[in-house]
Protein chains: 2
Amino acid sequence: MGASATARPTEGRSTGRTRASTAEDTALKLWVVLARSQLAVARHAEADVARHGLTLAEFAILEVLYHRGPLLLGEVQRKILVSSGGVTYLVDRLAGKGLVERRECTHDRRARYAALTPAGEKLVARIFPEHARSIARAVSGLSKAEQLQATALLRKLGISAADLPI
Amino acid sequence: MGASATARPTEGRSTGRTRASTAEDTALKLWVVLARSQLAVARHAEADVARHGLTLAEFAILEVLYHRGPLLLGEVQRKILVSSGGVTYLVDRLAGKGLVERRECTHDRRARYAALTPAGEKLVARIFPEHARSIARAVSGLSKAEQLQATALLRKLGISAADLPI
DNA sequence: CTTCAATATCTCAGTACTGTAACTCTCAAC
DNA sequence: GTTGAGAGTTACAGTACTGAGATATTGAAG
């Protein structure tokens, strides 16, 4: 989480009343508001799925299986961005709730599918629309045009940051 | 985490080749890219502070104390957005490393300050510039103008989402 | 066939927190 | 002075993961 507004290095010419901010200043401010806004929206999303006894990661698995159909566990992992151990843990929990089941992969016996059970399918069909409305409310401080603009910028940012080696 | 692109409800007139997306579609896409881009940048920030044996939350405390001076624990909590228990835990850890110390508040004996020790001050002075460069690199996929634009949008989003009751 | 690097999943100890409840202290009202 | 609501901090149990290593399987090369 976030650096707050930073101390200004006193370098540079004081050419005018305001000083141009450095590349680092600009970047840090972006990072702070990115983290804060993500957290603020996440709290709404979490509260919504928590009403059904789910975490955001669990819901993300249900949702991706609902919209894409059965997926290999490794594919699920890449879609929802958790660790390999995390997928095992989450699918175990969802299986324990009767919402997801593992299926064998006939072509590769190392691999296994995760798939929604009928109960899981029914649950997602019921709660997904509510969840979508809840998210829409959480981001309603931005107009639709602003949301589209923010989406374009964040998509570009996310792709480039993910591509940079750590 | 993130909903993927959603199944389209087949309602509405098919007036043209492309259909206008619903408010929920737009919101969900924003939420997905917000979560993903935050995670992607956070991985860089985490890796940077991990080189010094710190978590992001620990670093955030060091940084805020460095730039604002001693702060009441409750103020720290509000700045870095963790739970009250989290502040106690984090300050305990930083105190164990000799970077932060608690000080009594003479005016209110319920409250206590957190303040950097000389060692903590020295550490932040050393690693903060590196950290800033590391963040600048992580967000360098966006031009400076785009970063400023994204910052303005996310600030607005964060404030409105935080103000909405959960 | 054998070997072996690569891939897919699982196991499990460890971590960084959160949330609830308890404790201490303050301050305003009576 | 006493009472009580409430603020500030802490203790502790619980949670949702991560990361490293173990296990199983594949497929390509020799």
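The following exchange concerns a predicted model of two protein chains and two DNA strands.

Modeller: In this predicted model, local features need pLDDT of at least 70 and side-chain atom pairs count only at pLDDT 80 or more, while totals for chains, interfaces and linings use all residues. Residues are numbered from 1 along each chain as its sequence is written, and chains are lettered from A and ligands numbered from 1 in the order in which they are written.

Colleague: What pattern does chain A follow along the sequence?

Modeller: Helices (H or I, at least four residues) and strands (E, at least two) are DSSP runs, numbered from the N terminus. Chain A holds six helices and three strands. Read along the sequence, their pattern is α-α-β-α-α-β-β-α-α.

Colleague: What is the radius of gyration of chain A, and is the chain compact or spread out?

Modeller: The C-alpha trace of chain A spans about 70 × 35 × 25 Å along its principal axes. The radius of gyration is taken over C-alpha atoms, and the globule rule is 2.2 Å times the number of residues to the power 0.38. For 166 residues that rule gives 15 Å, and chain A is well over this, so it is more spread out than a compact globule, with a radius of gyration of 21 Å.

Colleague: Which element gives the largest share of the side of chain B that touches chain A?

Modeller: Two residues are in contact if their C-beta atoms, placed from the backbone, lie within 7 Å. On that basis the contact takes 64 residues from chain B and 64 residues from chain A. The elements giving two or more residues to the side of chain B include helix H2 (56–68), helix H5 (118–138) and helix H6 (144–163). The largest share, 21 residues, comes from H1(B).

Colleague: Against which helices of chain A do the buried residues of H6(B) pack?

Modeller: A residue is buried if 20 or more other C-beta atoms lie within 10 Å of its own, exposed if 12 or fewer, and partly exposed in between, with C-beta atoms placed from the backbone. Among the buried residues of H6(B) are B:Leu153, B:Leu154, B:Leu157 and B:Ala161. Their partners in chain A are helix H1 (23–50), helix H5 (118–138) and helix H6 (144–163).

Colleague: Which element gives the most to the surface near DNA strand C?

Modeller: A residue is near a strand if its C-beta atom, placed from the backbone, lies within 6 Å of it. Of the 23 residues around DNA strand C, those that come nearest include A:Gly74, B:Gly85 and B:Arg109. With five residues, the greatest contributor is H4(B).

Colleague: From which element does the largest share of the surface near DNA strand D come?

Modeller: DNA strand D is surrounded by 23 residues, and A:Gly85, A:Gly86 and B:Gly74 are among the closest. H3 and H4 of chain B each supply at least two residues of this surface, as do helix H2 (56–68) and H4 of chain A. The largest share, five residues, comes from H4(A).

Colleague: Why does A:Gln77 count as buried?

Modeller: A:Gln77 lies in helix H3 of chain A. Leaving aside neighbours within four places in sequence, A:Gln77 is in contact with A:Val82, A:Ser84 and A:Val87. A:Gln77 counts as buried because its C-beta neighbours inside 10 Å number 20.
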